[in-house]
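Thanks for coming. Please have a look at the sequence and the model, and then I will go through one helix and the core.

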Amino acid sequence: MARTRHVKASIAATLLLATVLLVVGGCQSASPPAAEDGPIVVLGIDGAEWSVIRPMLERGELPNLASLIERGASGPLRSLDPRQGSPVIWTTIATGKPPEEHGISGFVKEKGAAAEFHNTPFSSNMWRASAFWDVIGGAGREVGIIGWLVTWPAWEVNGFMVSQYVQRLSGFTGEEAGGSVTFPAGLAERIAPLVRESGSVTAEEMAGFVNMESELGLRSLEGQNEEALRRAFSGDETAVTVALSLLADEMPDLSCVYIRGVDEVSHRFWVYMDPETRPPVDLSKPATVLLSRQTEALVDLVREYYRYADANVGRILEIFPEDATVLVCSDHGFRGPGVWGEGRPHMGIGQHSLDGVAILAGPGIARGVELQGATVYDIAPTLLTMAGSAVAKDMPGRVLEEAFTTSFARSHRVRYVETHGAGPHGGDGDEPIESPVDDEVREQLRSLGYIE
Ligand SMILES: [Zn+2]
């Protein structure tokens, strides 16, 4: 567990003193830079899309993202091309490596044919590369990882890790939960009361996303719409509440929080927001009539959800000190369903667009920089450099140095090593580990159109 702030401050002071003594002594210090830097926080918002964000920023509807963008660097973040599923992309963001090298190639690993066929969601033993938090933690910095995809079973880090199955914690028996959903094991018990099950989402909470003046009101959510909203909201509430609880008193040097809801809500509700993706009302086709009635109630749901996501960014950043460096990113952007099936939008990866979001802000980040040509490969090298760790030569991305202030770039020169290796798993996992929540996970993947 992390040290408390004042102990850390005194260690920082000692290191600073040591640096001063070295400089006074005429030596060129080769030690990692900037032990006195503030904490780094990474907020991963799955599926966040500039074409939704920009008009909302102009209307003043996303104050927390607006403030980060204003005082920092931002721009599109190119995703993997051809399109990949989110587990693949988030693992690239974490490792700086392409899918064929990091080992996570989809949502599920398929095996066997016909009656023998089974598909198991990828699990963390399949990683074949180190995450940036493994490297940064290995250099003695404390890390806290919450909800990142494909981190079940949670592995040993220099700090804590809450895997992406946190919201499904009740599906694990006490022993399994402690040993696999969190590291260290004892954390599972501490966070269990914070987990929101999707069934616990109230009508009042859902009404916050729906036009209640409309004819259908909450009835516009009947069926899969309601399940999608419940899952998105309860998942995000869980991630944020767990983050607030674990990061507040004992803040790690590096915190990462993954927030999924925007993507799930975009898959299901984009069609109501975007008139170009809706078929015309045809009285002989009841589905189009229903869609038009639902649209009156749900037209703003995606935007309301972005407001909620922005508020969550605010809730999390509120606990961080002013000298924190913040990175907000998404794994891909989003667009309309495009193709229209049996009265319903076609869902799945086809709804993702290739340009996601990157926003950086903090004392070492230059104000008002527009990032150009940034890709998901650049996140790990950039974070490693900001934390004073070396970039590996086998990472294809680059450090987004154009976002750094001159003095920050000088104190955080890019250093290289050959490789950060196969990571804590040793790269020898051949098959995913089955979990007690696999059926639920598969059901969710099917409802999003990700798997058959
Ligand atoms: Zn998606």
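Which residues of α4 are buried? They are Ser86, Pro87, Val88, Ile89, Trp90, Thr91, Thr92, Ile93, Ala94 and Thr95. Buried means that 20 or more other C-beta atoms, placed from the backbone, lie within 10 Å of the residue's own. Helices here are DSSP runs of H or I with at least four residues, strands are runs of E with at least two, and both are numbered from the N terminus.

Two remarks on the source. This is a predicted model, where local features need pLDDT of at least 70, side-chain atom pairs count only at pLDDT 80 or more, and totals for chains, interfaces and linings use all residues. Residues are numbered from 1 along each chain as its sequence is written.

Back to α4, residues 86-95: 10 of its 10 residues are buried, so the helix is largely enclosed by the rest of the structure. Its buried residues pack against several elements, among them β1 (40-45), α11 (261-273) and β9 (325-329). Glycine 96 follows α4 and has a positive phi, near 70°.

Now the core. The largest nonpolar core, meaning buried Ala, Val, Leu, Ile, Met, Phe, Trp, Tyr and Cys residues joined through C-beta atoms within 7 Å, has 119 residues. Ile146, Val162, Val328 and Leu383 have the most contacts inside it. Helix α10 (residues 224-248) gives the largest share, 10 residues. Beyond its neighbours within four places in sequence, isoleucine 146 has contacts (C-beta atoms within 7 Å) that include Val162, Ala239 and Tyr258.

Overall, the protein has 16 helices and 15 strands, and buried residues make up 47% of its 452 residues.

Definitions and conventions: A residue is buried if 20 or more other C-beta atoms lie within 10 Å of its own, exposed if 12 or fewer, and partly exposed in between; C-beta atoms are placed from the backbone. Two residues are in contact if their C-beta atoms, placed from the backbone, lie within 7 Å.
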